[in-house]
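Biologist: I would like to learn how to read a protein model, one feature at a time. Could we take each idea in general terms and then turn to the case at hand?

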Amino acid sequence: MIVKFFRRGQGSGAGPLNYLLVAKGGKPREGAKVLYGDPRLTEQLINTTPFKQKYKSGVLSFTEDATQFTDEQKKDIMQRFEETLFVGLEPDQYDILWVEHTDKGGRLELNFVIPCQELRSGKRLQPFYAGADLVRVNAFKNIINQEYGLTDPNDPERKRLINPYVNNAPRPTPYDRPPKSKEKEQEKEDNEIIANPESTFALKEAIDRRMRHSLAEGSLNNRSSVRYALEGMGLTIKRATKSSISVAHPKMKRNVRLKGTVYEEGFQALAEERQQDYERVSESRGNRDLRTWTKGMEIKKAYHQELYGDIKAPEPLDLEIKDVVSMEQSQDATPRVDTPAPQRSYNGPRP
């Protein structure tokens with residue numbers, strides 16, 4: 001599981017609510033389910049919030065399938081996340097909407113939207129600020145992952161073997177995904193790029209694809225095999241550090257820096273050692289995360305009490321129904337014959 005907060009938060013409430021619940025054409029979004037909260041109330045609170053940052057939204061994203069969780073487990077994770085954000089506040093002091101998504105291959109996503117307003121006073125409420133809250137939220141994430149046996153994003157096995165984001169390479173967006181092609185066509189295209197590169201970016205991407213292919217075939221098992229593979233592409237090894245390899249191409253003026261586990265010195269042994277170290281200190285990491293979370297909760301609770309501690313909950317509404325009935329009866333002195341005295345009943349909420 002990972003915890004992600006989105007940057008948006010200055011528009012109307014319709015924006016996040018439509019994203020969570022509505023598909024194209026105005027139809028209900030498939031795989032979306034409200035788990036807790038009232039979408040209409042959340043939207044109204046966002047629209048009436050006077051501050052520049054009107055809402056905070058994000059997601060608890062899992063690699064596990066949604067069917068692997070019971071309703072009680074999802075409820076437990078959501079409540080403990082709320083406690084992590086709003087420690088020291090009562091439930092009537094904030095609003096939060098939880099929406100489940102299962103439309104991404106069936107894996108579970110727990111989306112949340114929070115209006116940035118403390119509800120008793122109308123003061124500004126900041127649910128998450130990275131500088132103050134990131135360490136505590138990360139500790140919460142680690143605790144939940146370990147307790148439920150979930151995929152751990154910190155596991156060395158999940159580290160990239162190839163890092164495409166060096167040499168100032170642009171990061172992909174949903175609108176510039178590479179076209180799909182067959183393996184042989186891609187290999188032919190990569191060979192042409194390596195033979196006649198048009199740019200450093202294109203050359204590096206082609207090299208990385210070839211190295212991934214070699215990894216899948218099992219032909220790379222140490223740094224010597226990596227160097228041999230690179231030289232077989234017509235490249236010259238110019239520099240090799242503990243964490244990267246720089247190569248030169250006869251038709252390129254600039255060297256290309258290759259980075260990722262596969263290019264590191266002794267990458268196979270290094271990966272095995274990291275995994276062993278990670279598993280060996282698992283218990284100590286859990287204790288450290290618990291201490292971090294507990295200390296962070298104390299600090300955040302004191303912060304909330306300083307801001308909102310003098311704001312009391314409204315007193316229950318007391319309509320004094322009995323006094324009203326007795327007063328009316330005393331004012332009506334005329335006896336009623338064969339007519340029972342009227343009995344007033346109150347069906348509204350009682351104090």
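**Reading the model**

Modeller: The protein has 10 helices and eight strands. Please keep in mind that this is a predicted model.

Biologist: How many of the residues count as buried?

Modeller: A residue counts as buried when its relative accessible area is under 20%. Of the 351 residues here, 36% count as buried. As for contacts with a separation of 6 or more, 69% of them join residues 24 or more positions apart.

Biologist: What span should helix 3 have, and what is the distance between its end C-alpha atoms?

Modeller: The general idea is to allow 1.5 Å for each residue, taken over one less than the number of residues. Helix 3 covers residues 71-86, so its 16 residues should span 22 Å, and the end C-alpha atoms are indeed 22 Å apart. Helix 4 can be read likewise: its 19 residues reach 25 Å from the first C-alpha to the last, close to the expected 27 Å.

Biologist: What follows helix 3, and what follows helix 4?

Modeller: A glycine follows in each case: Gly-88 comes after helix 3, with a positive phi near 95°, and Gly-149 comes after helix 4, with a positive phi near 65°.

Biologist: How are helix 3 and helix 4 placed with respect to each other?

Modeller: One looks at the angle between the N-to-C directions of the axes; an angle over 145 degrees counts as roughly antiparallel. The axes of helix 3 and helix 4, the latter being residues 130-148, cross at roughly 160° and come within 10 Å. The two helices are therefore roughly antiparallel. The crossing of helix 3 with helix 4 is right-handed.

Biologist: Which residues make that contact?

Modeller: Helix 3 contributes Gln-73, Asp-76, Ile-77, Arg-80, Phe-81, Thr-84 and Leu-85, while helix 4 contributes Arg-136, Val-137, Phe-140, Ile-143, Ile-144, Glu-147 and Tyr-148. By type, this contact has eight nonpolar, two polar and four charged residues. The buried residues of helix 3 include Ile-77, Phe-81, Thr-84 and Leu-85, and those of helix 4 include Arg-136, Val-137, Phe-140, Ile-143 and Ile-144.

Biologist: What is the arrangement of helix 1 and helix 2?

Modeller: The axes of helix 1 (residues 14-21) and helix 2 (residues 39-48) come within 9 Å and cross at roughly 155°. Helix 1 is therefore roughly antiparallel to helix 2. Their contact involves Ala-14, Pro-16, Leu-17 and Leu-21 from helix 1, with Pro-39, Thr-42, Glu-43 and Ile-46 from helix 2. Six of these residues are nonpolar, one is polar and one is charged.

Biologist: Is Arg-285 buried or exposed?

Modeller: The relative accessible area of Arg-285 is 16%, so this residue is buried. Arg-285 lies in helix 9, residues 282-308. Sequence and space can be set side by side here: Arg-285 and Ile-143 are 142 residues apart in sequence, with their C-alpha atoms 9.4 Å apart in space.

Biologist: Where is Thr-49 found, and which residues does Thr-49 touch?

Modeller: Thr-49 is in the loop between helix 2 and strand 3, the strand being 55-65. With a relative accessible area of 1%, Thr-49 is buried. Leaving aside residues up to four places away in sequence, Thr-49 touches Lys-54, Pro-115, Cys-116 and Gln-117. From Thr-49 to Gln-117 the separation is 68 residues in sequence, yet 6.5 Å in space, C-alpha to C-alpha.

Terms used: Residues are numbered from 1 along each chain as its sequence is written. This is a predicted model: local features need pLDDT of at least 70, side-chain atom pairs count only at pLDDT 80 or more; totals for chains, interfaces and linings use all residues. Side-chain values use heavy atoms; hydrogens and water are left out. Helices (H or I, at least four residues) and strands (E, at least two) are DSSP runs, numbered from the N terminus. Buried means under 20% relative accessible area, exposed over 50%, partly exposed in between (1.4 Å probe, protein chains only). Axes are lines fitted to C-alpha atoms, for helices over the stretch in contact, and angles run from 0 to 180 degrees between N-to-C directions. Angles under 35 degrees count as roughly parallel, over 145 as roughly antiparallel, 65 to 115 as roughly perpendicular and the rest as oblique. A crossing is left-handed if the near helix is turned anticlockwise from the far one by less than a right angle, and right-handed if clockwise. Contact means heavy atoms within 4.5 Å. Ala, Val, Leu, Ile, Met, Phe, Trp, Tyr, Cys and Pro count as nonpolar, Asp, Glu, Lys and Arg as charged, and the others, Gly among them, as polar.
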